[in-house]
Amino acid sequence: MAAKAGDNPDSLMTLATIFCLRNLRKTMCYQGFKNKLCLRSDIFLPSEICDKLVNTYMELVHTDSNFEPEESFFQLFSDPCSTRLTRVQLREDFVRDRDLEAIQKQDLIELHLTYCNSLSSRSLKSLISFRETLVSLCLFGCNHIFYRKGGAPLACNEDTEDEEEESPASRQALETDFSFQGFNRLRLLNLGGLPDEVDAETLLKPLKSLTSLDLSNVQLLGTAFLTQWKDRLASLVLYNVDLSEELVSTIVEMVHLRHLDISRESRRTSKFKMSRKILTAIVQRLVNLVSLDVSGHIMLDNCTVPHIEEAMGRPSIELCKSSIYPFQELKRPLQFLGLYDTTLCNVTHIPAYKVTGSKNEEQVLNAIEAYTEFRPELAHRAINQLFDIARIQHCSQLLRALQLVIAALKCHKYDKSIQVTGSAALFYLTNTEYRSDQSVRLRREVIQVVLNGMEQYQEVTVQRNCCLTLCNFSIPEELEFQYSRVNQLLLKILEPARQDESIQRIAVHLCNALVCQVDNHHKEAVGKMGFVKTMLNLIQKKLQDRTCDQVMEFSWSALWNITDETPDNCQMFLNCRGMSLFLECLQEFPDKQELHRNMLGLLGNVAEVKALRPQLLTPQFITVFSNLLDSKADGIEVSYNACGVLSHIMFDGPDVWSMEDPRRDSVMDKMMDAIQSWDVSSRRNINYRSFEPILRLLPQSIAPVSQHWATWALYNLVSVYPSKYCPLLIKEGGISLLEKVLELESSHPETKDMASKVMEACETFKEDPMETNNGQEVNFGQRG
């Protein structure tokens, strides 16, 4: 069988790394003084393993809510004699000054710090310790690293209080003592988002050997200083840097450039107009160019070939057919061309293998891929366009689309706009149309990023998108690997007294589905989370509003499911005024058949618990149950469930029946009349996982009517759904119990007749197990 999209397994290295990180004290470490985590003395870890440990640790911290960060994790890598770090990637506010100080004895070759806003100028001293080995450095979005914390100068920070580090660094005094002097091996530098107060020219002056420079969102006072690298620079990124004639003149002198990015976030913020002359100059002078990004620029009409003059045929990357005049001057097609938010992306012939834009799915996916890490504002817009493609058209590159959206949601867990658009796109990318092409592993990745979004944001749109996306999965099967977590998140959504109506409805539906068809230990665990109380609170609120809607009905259905064969949850229902709410709902909504069915199904579960039955044995409740025997609501379901409740109560015998009105005999007579009025061929809105509570009513003479109800239930189910219920009855030993019914003198003749027919049906099924029934059961809920 062919593997499905996204089904490639993790490498053994990845699996082992994650296992070690989740079990540090059992693998590499021990608990030292003051509970400090210490590396075992007999361990030496090479750079390949250390780099993987640190980088995977950061990923787990940001994407796995069950992963517990270690306060002293980076201290494990403080000694180069036992651990070797060379390539480290750290991101977000989680990273502190002390983490870099812990590893400053390492000979780092690459250090990538992204959006690390908790770092202050203390970390610049750590950078200096890496100056002799560092080849690649990224400080993108580290807005506070050039500022002192608490006004302390760079050289006097050895004894900085730990408490000071607990809050993110705030801009105070600009650090003026730091210099890149001595960083002689540094070749790749990303200073994206460098504060305006820092003079880029002065800061960069000592770096003579740069081959790659990223100055995204940096305000340049002059541009001539860039020419100091004109004979070396292979990559220059000036995203959101204001273009000018002077800057363009400087750029075209850098003849060794292979990658040039002069793009902008949006045409709305651009004052500079990209003309045919400027593009031609770039192409003609920068002959080594393989990658160019001019996204977000206003393009003058003279850049493109008139539509009627465009070359005929399918879109082509041939230079001679280029619909963009300046690119006809290229020596070879570009590997990458950024045209996002420009008019150029809409032309027919573009001489590039990979193009970003908004014309089609391929361009949109390229944009998400290119801009996710450092330009979430562009990735957000591109994901929004992907959302429209998946919703209105058809996504032809499903695996790639899903992987890119998942990557964006992981990378920007704290970016609300990405979370909103990403979760919306996932809803359409995981629906039925695409489901058959997705592997279990890929769908689990989707579930995890959706739950991350639900944890991070209480905002209505994110919550709604995430809940709707979860509805695309088989519940509870596909969510079982995150069962506890998803239930906790849904219950948290339902906690507020006033909640968005649509989210409330979806969340209750999910809660109901999650407790249907799961093992009892799952139900017990969810019950302890407050599930029963939460559902009853929703019901109380709906009663106050005098509203019986889907939320009301789903809440009762969820209670029906979660109390199935779980006495503790049944006890919680009674303790939380459940019976009072039952009576109020019955009185307030006398004609709501679905509601009545769900409530009576739940009470059937309560009645199965012998220790709880005395709480149901009151004149008020018995009268209500007795009256409901006459109900025609939802076919026979309400009457059937009411009779089930009474059957279990009758099974406790006449000694516990202490009330004078109603009399036990009269109720039993009414039960018998009700049973005889039911059509044994009735299709059922019920799903039994076990017959045990029914079977216990068979071999007894204390309440023949209870025996009669139990036998009728079995007769109905094996008649209408033999392929499902005959094997279940045989498996649970029902045949021998039915034989005892035939032997008992107290059994009614009608009861014995039905018992014989049930046994015959099972015998027939054993002889011909392929026998089927045209009727299909409806799994609205579990057995009540």
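In this predicted model, E110 stands opposite S136 of strand 5. The two strands concerned, strand 4 and strand 5 (residues 136-138), are joined by three bridges and run parallel. Between them the chain passes through helix 5 (residues 122-129), and the resulting β-α-β crossover from strand 4 to strand 5 is right-handed.

Strand 4 (residues 110-114) is also joined to strand 3, in this case by five bridges, and the two strands again run parallel. Within this pairing, L113 of strand 4 is the bridge partner of L90. The connection from strand 3 to strand 4 runs through helix 4 (residues 97-102) and forms a right-handed β-α-β crossover. A further bridge partner in strand 4 is L111, which is matched with V88.

These strands belong to an open sheet of 10 strands, paired in parallel in the order 3-4-5-6-7-8-9-11-13-14. Strand 3 (87-91) and strand 14 (352-356) form the edges of the sheet, each pairing on one side only. With direction ignored, neighbouring strands of the sheet are turned by 5° against each other on average. In general, the strands of a sheet pair through backbone hydrogen bonds, in either a parallel or an antiparallel manner.

At the edge formed by strand 14, the neighbouring element is strand 13 (residues 334-338), which runs parallel to strand 14 and is joined to it by four bridges. One residue of this region, G338, stands opposite T356 in strand 14. Helix 9 (residues 361-371) lies across strand 11 (291-293), strand 13 and strand 14. The angle between helix 9 and strand 14 is about 80°.

The largest pocket holds about 1,100 Å³ of space. Its lining comprises 41 residues, and those closest to the centre of the pocket are Q89, R91, T114, E373 and F374. Helix 3 (residues 47-63) contributes the most to this lining, with five residues. Sorted by class, the lining of the largest pocket contains 17 nonpolar, 13 polar and 11 charged residues. Two of the residues closest to the centre, Q89 and R91, fall within the range of edge strand 3 (87-91), and T114 falls within strand 4 (residues 110-114).

The volume of the second largest pocket is about 750 Å³. A set of 23 residues lines this pocket, and D10, I18, E59, K410 and Q448 lie nearest its centre. Helix 1 (12-22), helix 3 and helix 14 (440-456) are the elements that each give two or more residues to the lining. By class, the lining of the second largest pocket divides into five nonpolar, eight polar and 10 charged residues. Helix 3 thus appears in the linings of both the largest pocket and the second largest pocket.

Besides the pockets, the structure holds five cavities of 30 Å³ or more. The second largest cavity has a volume of about 60 Å³. The residues lining the second largest cavity are V283, L286, V287, L289, E329, L330, K331 and R332. Five of these lining residues are nonpolar and three are charged, while none is polar.

Several local backbone features lie in loops. The peptide bond from I475 to P476 is cis, with omega near 10°. P476 is located in the loop between helix 15 (460-470) and helix 16 (483-494). Another cis peptide bond joins D661 and P662, where omega is about 0°. The loop containing P662 lies between helix 25 (637-650) and helix 26 (664-677). N35, a residue other than glycine, has a positive phi, near 60°. N35 belongs to the loop between strand 1 (29-31) and strand 2 (37-39).

Definitions and conventions. Residues numbered from 1 in each chain as written. Predicted model: local features only at pLDDT ≥ 70, side-chain atom pairs only at ≥ 80, totals over all residues. Heavy atoms only, no water. 1 Å grid on protein atoms, 1.4 Å probe; cavity = no way out; pocket = protein on both sides within 12 Å on 5 of 7 lines; lining within 4 Å. Points joined across faces, edges and corners; volume = space filled by probe spheres on them. Nonpolar A, V, L, I, M, F, W, Y, C, P; charged D, E, K, R; others polar. Pairing = 2+ DSSP bridges. Axes fitted to C-alpha atoms, helices over the stretch in contact; angles between N-to-C directions. Contact = heavy atoms within 4.5 Å. Right-handed = clockwise from strand over helix to strand, strands pointing away.
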